[in-house]
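Please read this report alongside the sequence and the coordinates. It takes up the strand pairing, the nonpolar core, the aromatic rings and a few individual residues.

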Amino acid sequence: MADVLLTNEALISGLYDGDSVDVNTDPITTTIVQGLTAVKEADKDKWVDGYLLYTITLTNEASFPLTNAVFYDTLDVTKIVLVANSVKINNVAAPYNYNYITGLLTVVLPDVAVSETMVITFQVEKI
């Protein structure tokens, strides 16, 4: 999927010292990245016991690889805690950092090539 360029500029019209004036901004261009998607799912709609498994599917159908990416997820520490050593990338144990006070889970991701899908999973348990 190709990236799309969005160019935009603004105009301000008014009176200056009794004369009508128009002031234009310089145009700016932003690249709209298409084709990078992330979907998060849980393995249960209603959680009674055991662990809850979160799955994040990251798909790169964009024009370039995704590099130097970091996954962040803040867990609600008043309700859940990360299950130690449960973080996996493509079903392989992955290094991570987890702050038990703030609930911030951080995972440095490997590069995601064009047309590649990466699956990040981790488990949580009730407090």
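The sections below go from strands to core, then to rings and single residues.

## Strand pairing

The model discussed here is predicted. Strand β13, which covers residues 116-126, is joined to strand β6 by 9 bridges, and the two run antiparallel; within this pairing, N60 has E116 of β13 as its bridge partner. Strand β13 also runs antiparallel to β8, to which it is joined by 3 bridges, and here V81 is matched with E125 of β13. A further antiparallel pairing, over 2 bridges, connects β9 with β13, and in this one the bridge partner of I89 is I120 of β13.

An open sheet of 3 strands is also present, with the order β7-β12-β11 and antiparallel pairing. Its edge strands are β7 and β11, each of which pairs on one side only. Between β11 and β12, which run antiparallel, there are 2 bridges, and Y98 has L105 of β12 as its bridge partner.

## The largest nonpolar core

The largest nonpolar core contains 22 residues, and the members that touch the most others are F71, L105, L109 and F122. At least two residues of this core come from each of the strands β6 (52-60), β8 (80-82), β12 (104-108) and β13 (116-126).

Which residues does F71 touch, once those up to four places away in sequence are set aside? They are I56, L105, T106, V107, L109, I120 and F122, so that L105, L109 and F122 appear both in this list and, with F71, among the core residues that touch the most other members. F71 counts as buried because its relative accessibility is 12%, which falls under the 20% limit. For F122, the relative accessible area is 0%, and this residue is buried as well.

## Aromatic rings and lysines

A search of the whole structure finds 3 aromatic pairs. One of them is formed by F71 and F122, whose rings are tilted, with 6.3 Å from centre to centre and 55° between the planes. Because F71 lies in strand β7 and F122 in strand β13, this pair ties together parts of the chain that are 51 residues apart in sequence. Another pair, between Y98 and Y100, is edge-to-face, with a centre-to-centre distance of 4.6 Å and an angle of 85° between the planes. The two tyrosines are set apart by their accessibility, since Y98 counts as buried at 13%, whereas Y100 is exposed at 51%.

Ring pairs also link Y54, F71 and F122 into a cluster. Y54 has K40 lying over its face, at 4.3 Å from the ring centre. In a second arrangement of this kind, K126 lies over the face of W47, at 5.2 Å from the ring centre.

## Individual residues

Y72 lies in strand β7, and it is exposed, with a relative accessible area of 54%. Leaving out residues up to four places away in sequence, Y72 touches L104, L105 and T106. Y72 and L6 are 66 residues apart in sequence, and their C-alpha atoms are 28 Å apart in space.

T59 is found in strand β6. Is T59 buried or exposed? Its relative accessible area is 18%, and T59 is therefore buried, the limit for that class being under 20%. Apart from its neighbours within four places in sequence, T59 is in contact with G35, L36, T37, E116 and T117; among these, E116 is also the bridge partner of N60 in β13.

## Positive phi angles in loops

Two asparagines have a positive phi, a value described here for residues other than glycine: phi of N68 is near 55°, and phi of N85 is near 60°. N68 is found in the loop between β6 and β7, while N85 lies in the loop between β8 and β9. N68 is exposed, with a relative accessible area of 74%, and N85 likewise counts as exposed, at 64% relative accessibility.

Conventions:
Residues numbered from 1 in each chain as written. Predicted model: local features only at pLDDT ≥ 70, side-chain atom pairs only at ≥ 80, totals over all residues. Heavy atoms only, no water. Core = buried A, V, L, I, M, F, W, Y, C linked by side-chain atoms within 4.5 Å. Buried < 20%, exposed > 50% of the residue type's maximum accessible area, 1.4 Å probe, protein only. Helix = DSSP H or I, 4+ residues; strand = E, 2+ residues; numbered from the N terminus. Contact = heavy atoms within 4.5 Å. Phe/Tyr/Trp six-rings, centres within 6.5 Å; stacked < 30°, edge-to-face > 60°. Lys NZ or Arg CZ within 6 Å of the ring centre and 35° of its normal. Pairing = 2+ DSSP bridges.
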